[in-house]
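Let us walk through this fold one helix pair at a time. Keep the viewer open and turn the model as you read.

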Amino acid sequence: MLHRNISPQSILLTRRGGWKMAGLGFAEKALKDGKDSFQSVPWTPKMPKMAQPDLNYMAPEIISDKTCTSLSDIFSLGMVVCALYNSGHPLIEAEHSVSLYLKKLEQMHDEFGKVAHKMPIHIVEPVEKMINRDIRYRPTAQAFALMRYFHDPIITCLQCLDLIELQDATQKSEVYASLVHILPTIPKKIIYKHIYPILLNECRSPDITLAMSPLLGIIELASREEYSEILINDIRYLMGMSKPIQVSDVTSFDRSKVLRRFYL
């Protein structure tokens, strides 16, 4: 399926910070008959802007050649990535004008240079290829998924956590062991917004002992303020469960430190 309107307005954020693609009103089915492109209606000022894809993120071949491919979505996604590192501003601000779009398109390489230094080094080259005007240089969706950035241990672990409820005990144990190892390198914002809620939910399941190691790791890394403002009420609840947590089952941490925090 081709989305045809990948832009910030088409992306929803979950409570855990995950991305969900919406705005499927312009989507097309997968290409038929082995064709690698199909005719697409270009942006026009004769129609209301709300009835058309976002011009600022539209691939140039749609404007110039009236054709669309799966690589057109790749271009749009690359433009979204650039906007993330450009304070939310697109590289092309067309102001609903095709002529201004084409003018800004000529300047896009220079605009990308101003944003590239703000990006993680591993994604600069792939994103530059994604927004290339020549579709032959853009990566496919499969190649994009194989980017080195997505094989970062933190990213891989977060992806596994998103699917933790679908995994068996052995798989969960491997994920949590990996999480304990990389926990000190994960930003606190990600820990408390994304990881901590998942672990709390797991602590209410039969696999409670599996989730205890990373949960205790978070407690060990927490500052006094974080513990008192974020953790303490949940920890007291868990300790008051009818089947209380067996801290003695966890050997990866200094038990005396953990117990002192439990009973503050």
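A crossing of two helices is called left-handed if the near helix is turned anticlockwise from the far one by less than a right angle. Keep that in mind for two of the pairs below. The model is predicted.

Start with the whole chain. Its secondary structure comes to 12 helices and four strands. The chain has 264 residues, and 42% of them are buried. Now take the contacts with a sequence separation of 6 or more. Of these, 61% join residues 24 or more positions apart. The exposed surface is about 15400 Å². Carbon and sulfur atoms supply 55% of that surface.

Next, the helix pairs. Two packed helices are described by the angle between their axes and the distance between the axes.

Go to helix α2, residues 70–84, and helix α5, residues 121–130. The axes of α2 and α5 come within 8 Å and cross at roughly 135°. Is that parallel, perpendicular or oblique? At this angle, α2 is oblique to α5. The crossing of α2 past α5 is left-handed. The contact of α2 with α5 divides into eight nonpolar residues, one polar and no charged. From α2 come Ile74, Phe75, Leu77, Gly78, Val81 and Cys82. From α5 come Ile123, Val127 and Met130.

Stay with α5 for a moment. Which of its residues are buried? They are Ile123, Val124, Pro126, Val127 and Met130. These buried residues pack against α2, and also against α4 (108–116) and α6 (141–145).

Leave α2 by the loop that leads to α3, residues 98–106. Most residues other than glycine have a negative phi. This loop holds two residues that have a positive one. Serine 87 lies in the loop between α2 and α3, and its phi is near 55°. Glutamate 95 is found in that loop too, with a positive phi of about 55°. Are these residues buried or exposed? Serine 87 has a relative accessible area of 63%, so it counts as exposed, the cut-off being over 50%. Glutamate 95 is exposed as well, with a relative accessible area of 63%.

Move on to helix α8, residues 169–182. The axes of α8 and α10 come within 9 Å and cross at roughly 10°. Because angles under 35 degrees count as roughly parallel, α8 is roughly parallel to α10. By class, the contact of α8 with α10 has seven nonpolar, two polar and one charged residues. The α8 side consists of Ala169, Lys172, Ser173, Tyr176, Leu179 and Val180. They meet Leu210, Ala211, Ser213 and Pro214 in α10.

Look again at lysine 172, which is found in α8. Is this lysine buried or exposed? Lysine 172 has a relative accessible area of 6%, which is under 20%, so it counts as buried. Its C-alpha atom is separated by 8.7 Å from that of leucine 161, 11 residues apart along the chain.

Now follow α10, residues 208–221, to α11, residues 224–239. The axes of this pair come within 10 Å and cross at roughly 145°. The crossing of α10 and α11 is left-handed. In α10, Leu215, Ile218, Ile219 and Leu221 take part in the contact. In α11, the partners are Glu226, Tyr227, Leu231, Ile235 and Leu238. By class, the contact of α10 with α11 has eight nonpolar, no polar and one charged residues.

Pick out isoleucine 219, in helix α10. Isoleucine 219 is buried, with a relative accessible area of 1%. Its C-alpha atom is 9.3 Å from that of isoleucine 235, and the two are 16 residues apart in sequence.

Finish at lysine 188 in helix α9, residues 188–202. Lysine 188 is partly exposed, with a relative accessible area of 33%. What does lysine 188 contact, leaving aside its neighbours within four places in sequence? The list is Leu221, Ala222, Ser223 and Glu226. Lysine 188 and alanine 222 are 34 residues apart in sequence, yet 8.7 Å apart in space, C-alpha to C-alpha.

Terms used:
Residues numbered from 1 in each chain as written. Predicted model: local features only at pLDDT ≥ 70, side-chain atom pairs only at ≥ 80, totals over all residues. Heavy atoms only, no water. Axes fitted to C-alpha atoms, helices over the stretch in contact; angles between N-to-C directions. Contact = heavy atoms within 4.5 Å. Nonpolar A, V, L, I, M, F, W, Y, C, P; charged D, E, K, R; others polar. Buried < 20%, exposed > 50% of the residue type's maximum accessible area, 1.4 Å probe, protein only. Areas by Shrake-Rupley, 256 points an atom, 1.4 Å probe, with all protein chains shown as cover. Parallel < 35°, antiparallel > 145°, perpendicular 65-115°, else oblique.
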